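Please open the structure in your viewer and keep the selection tool at hand. We will go from the whole chain to one sheet and then to what packs on that sheet.

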Amino acid sequence: MPDFSFEAIGTAWTVSTAAPLTVQERAALAEAVESYDRTYSRFRQDSAIAPLAAAPGTVDLPVTAAPLLSLFDTLHRLSGGAVNPLVGSSLEKLGYDAAYSFASAGPSPAPDWAASASWQALGDRTVLNTSVPVTFDIGAAGKGQLVDLVFELLHASGHRELTVDAGSDLRHSGPRPLRVALEHPYDTTRAVGVLPLHNRALCASASNRRQWGDGLHHIVDAGTGRPVETVAAAWVLADDAMTADGLATALFFTDPGTLAEEFAFDYVRMFSDGRATFSDAMAGVLFS
Amino acid sequence: MTPTRKTLLFAAASMTLASTACAGTANDGASAAEESPAAESPVRTGSYGDGTYSAAGSYIPPSNQTEEVDVTLTLEGNVVTSLDVQTSGNNPTSKQYQREFTSGIESQVVGKKLDELNVDKVAGSSLTSSGFNKALDAIRMEAAS
């Protein structure tokens, strides 16, 4: 299958289709990605959410923000506040800021999502209100949603054999399942298992790559402002990538059973001591 | 048979409590049906009376907050028919491990070389942006100079 590769929102993307993408499709895809970055990036001064860091206020977000913020509402509730799109300030305090200073000022809890922000779907936009200065970081589910947006754009234009790969987030459609290796969180030359991905999304979350100091990585409990220590990696299969991405992050803080009360998904969760737990359907996926 | 209730006390150093409880020596001598396991055998054998057994254990994790673990199991015909593990979970980390211990399917991870696997894709942590990596490189160089 022809591949179309590019770099966006801080990661490498590969789109594989049975028929090559047209110039128009590539342009539409580039616009979708650029528009997403322009809306949510905390690394850009001109993003839609940037003014909220300086002062509370109201911003207009695209209509697609509603399902994303709704997912965050649910994950925030189920994780007891650990998953929170306002975790940007905690990451900044730990040194993962827009200037990449990597100078940690210590853990700092993020403002409470439910108390500090509210949103409403209004026609073709989503209106977001904040009551304190906040720094958005939608990393928990945002990349997954962008995978979905790219996938849906190409699906709508007729592509049926299609894989969108954004590094740790994958969405697949087509007659042949993909064989996907689950990368070992402590050794990127190894895998801990292989699973078939067929007409679903698979998202991985691991704490190994974005590290900038002893115990400092990008998966931060917004309730405490501290990086998570016990879970080393989580993989989630779900119908869409946004949900799979959000759940993969939530599994760092939340019992799978709690999440299963409101979401349909399969998972593998690996701990820093080398143990792993997984849902029934994932039996046989891990090497033994 | 009326289940009898016996208490075993042991100190545990790790979270392998349930297996310790299942295979542990019944040292209260309350039932003639219990036989001491063969000492030389690594696999404990012997028969235990039907009934409900409970045991309390404690251990000290790195957090230095003592954690209590209560294990209750029911034996019928030398088979464990029910197992209940109650944990104190004083420390959030302990709580998470204990929860994993008491639920879900668990295995020990085994890694295989990626280049020996025939796969289409690899799912792991995302490759990071050039911005992130360049900034880290710059800091490393600064630190080294």
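The stops below begin with the chain as a whole and end at a helix.

Start by selecting chain A, bearing in mind that this is a predicted model. With cartoon display turned on, you are looking at 7 helices and 17 strands. Of the 288 residues in chain A, 60% count as buried, and the accessible surface of the chain comes to about 10,800 Å², with 52% of that belonging to carbon and sulfur atoms. If you consider contacts between residues at least 6 apart in sequence, 61% of them join residues at least 24 apart.

Next, select residues 58-62, 117-122 and 125-130 of chain A, which are strand 3, strand 4 and strand 5. Together these strands make an open sheet in the order 3-5-4, with antiparallel pairing. Strand 3 and strand 4 stand at the edges and have a single partner strand each, so one side of each is left without a neighbour in the sheet. Viewed from one strand to the next, the twist averages 25 degrees.

Now keep strand 3 and strand 5 in view: they run antiparallel and are joined by 5 bridges. Which residue of strand 5 is the bridge partner of D60(A)? Select V127(A), and you have that partner.

Finally, add residues 65-78 of chain A, which form helix 2. This helix packs on the sheet and touches strand 3, strand 4 and strand 5, while its direction makes about 145 degrees with that of strand 4.

Technical notes: Residues are numbered from 1 along each chain as its sequence is written. Chains are lettered from A and ligands numbered from 1 in the order in which they are written. This is a predicted model: local features need pLDDT of at least 70, side-chain atom pairs count only at pLDDT 80 or more; totals for chains, interfaces and linings use all residues. Side-chain values use heavy atoms; hydrogens and water are left out. Two strands pair if DSSP finds at least two bridges between them. Helices (H or I, at least four residues) and strands (E, at least two) are DSSP runs, numbered from the N terminus. Axes are lines fitted to C-alpha atoms, for helices over the stretch in contact, and angles run from 0 to 180 degrees between N-to-C directions. Contact means heavy atoms within 4.5 Å. Buried means under 20% relative accessible area, exposed over 50%, partly exposed in between (1.4 Å probe, protein chains only). Accessible areas come from the Shrake-Rupley method with a 1.4 Å probe; for residues, only the protein chains shown count as cover.
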